[in-house]
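Student: I've got a structure open and I'd like to talk it through with you. Can we go question by question?

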Amino acid sequence: MFYLVFLMLSFCREHARCAIAPSGAPSKVSLTVSNIQQVQGMIWIGLYDSEETFLIKEKAIVKGYLVQQKGDMTIALPDVPYGTYAVALFHDLNNNGVLDQNVLGVPREPYAFSGELQSQWRLPRFAEVKHTFAPGRATLALKLEKWRAW
């Protein structure tokens, strides 16, 4: 289920930006990632700009950031224009470039989305996790979570 989201992120991990060209001027978009439990690995972020491009790796902005401290991490995305995006990220603890999962596809590494998940038993929909970045609303807080059965 979450496997597809992070598989798509992992294919683009070597690229600072995959093919997406949202309209608008450059901004001061940033993400604040909280609940970082370990100082190791990378935070991988994927941004999708529409329902039609959601979860299509070639249409995502994908960036990776080295984890250097526990707690919170603020990540500036100066090349991302203001607009509406769905954000998916995960903490790649072992730095292998993919979200590690069990045999059922359940994530073993912490992850977060830009909106409240309606169900953890399926992939989220763009409308559920979209967020609009605009002047005065350019920062988004995301809390890393581990998958729980309840």
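Student: Among contacts between residues at least 6 apart in sequence, what share joins residues at least 24 apart?

Tutor: Keep in mind that this is a predicted model. Take the contacts between residues at least 6 apart in sequence, then pick out those whose partners are at least 24 apart. That share comes to 77%.

Student: In what order do the helices and strands come along the sequence?

Tutor: There are 2 helices and 8 strands to place. Of the 150 residues, 48% count as buried. Read along the sequence, the pattern is α-β-β-β-β-β-β-α-β-β.

Student: How far apart in space are A88 and W44, C-alpha to C-alpha?

Tutor: A88 sits in strand 5, and it counts as buried because its relative accessibility is 1%, under the 20% cut-off. A88 and W44 are 44 residues apart in sequence. In space, C-alpha to C-alpha, the separation is 8.4 Å.

Student: And Q69: which residues does it touch, leaving out those up to four places away in sequence?

Tutor: Q69 is in the loop between strand 3 (61–66) and strand 4 (71–77). With a relative accessible area of 45%, Q69 is partly exposed. From Q69 to Q40 it's 29 residues in sequence and 8.3 Å in space, C-alpha to C-alpha. As for what Q69 touches under your rule, the residues are I36 and V39.

Student: Let's do charges. How many salt bridges does a search of the whole structure find?

Tutor: Side chains of opposite charge can pair when their charged atoms come close. One pair is E128 with R125, at 3.4 Å from N to O. Another is E145 with K143, at 3.8 Å from N to O. The search of the whole structure gives 2.

Student: Is E128 buried or exposed?

Tutor: E128 lies in helix 2 (residues 126–129). Its salt-bridge partner R125 is partly exposed, with a relative accessible area of 46%. The relative accessible area of E128 is 17%, and the cut-off is under 20%, so E128 is buried.

Student: Which residues is E128 in contact with, leaving aside neighbours within four places in sequence?

Tutor: R125 is its salt-bridge partner, but the question leaves aside neighbours within four places in sequence. With those set aside, the contacts of E128 are G115, E116, Q118 and R122.

Student: What about the E145 and K143 pair: what is the relative accessibility of E145?

Tutor: The two side chains meet in a salt bridge. K143 is partly exposed, at 48% relative accessible area. E145 counts as partly exposed too, and its relative accessibility is 27%.

Student: Where does that leave D100: which side chain of opposite charge is nearest to it?

Tutor: D100 is in the loop between strand 5 (83–92) and strand 6. It's buried yet has no salt bridge. Not counting residues up to four places away in sequence, D100 touches N94, V106, P107, R108 and E109. The nearest side chain of opposite charge is 7.5 Å away, beyond the 4 Å a salt bridge allows, and it belongs to R108.

Student: Now the largest pocket. Which residues of its lining lie nearest its centre?

Tutor: The volume of the largest pocket is about 370 Å³. Its lining has 17 residues. Those nearest the centre are Y111, E116, L117, K143 and E145.

Student: Which elements give two or more residues to that lining?

Tutor: By class, the lining residues divide into 8 nonpolar, 4 polar and 5 charged. Going by element, those giving two or more residues to the lining are strand 6 (111–113) and strand 8 (139–143).

Student: Backbone next. What is phi of N35?

Tutor: N35 is in strand 1 (residues 29–36). It's partly exposed, with a relative accessible area of 28%. N35 is a residue other than glycine, yet its phi is positive, near 70°.

Student: And where does N95 lie?

Tutor: N95 isn't a glycine either, although its phi is positive, about 55°. Its relative accessible area of 46% makes N95 partly exposed. As for its place, N95 lies in the loop between strand 5 and strand 6.

Conventions. Residues are numbered from 1 along each chain as its sequence is written. This is a predicted model: local features need pLDDT of at least 70, side-chain atom pairs count only at pLDDT 80 or more; totals for chains, interfaces and linings use all residues. Side-chain values use heavy atoms; hydrogens and water are left out. On a 1 Å grid over the protein atoms alone, a cavity is a set of points where a 1.4 Å probe fits but cannot get out, and a pocket is an open set with protein on both sides within 12 Å along at least five of seven lines; lining residues have an atom within 4 Å of a point. Grid points are joined across faces, edges and corners, and a volume is the space filled by probe spheres set on the points. Helices (H or I, at least four residues) and strands (E, at least two) are DSSP runs, numbered from the N terminus. Ala, Val, Leu, Ile, Met, Phe, Trp, Tyr, Cys and Pro count as nonpolar, Asp, Glu, Lys and Arg as charged, and the others, Gly among them, as polar. Buried means under 20% relative accessible area, exposed over 50%, partly exposed in between (1.4 Å probe, protein chains only). Lys and Arg count as positive and Asp and Glu as negative; His and the chain ends are not counted. Contact means heavy atoms within 4.5 Å.
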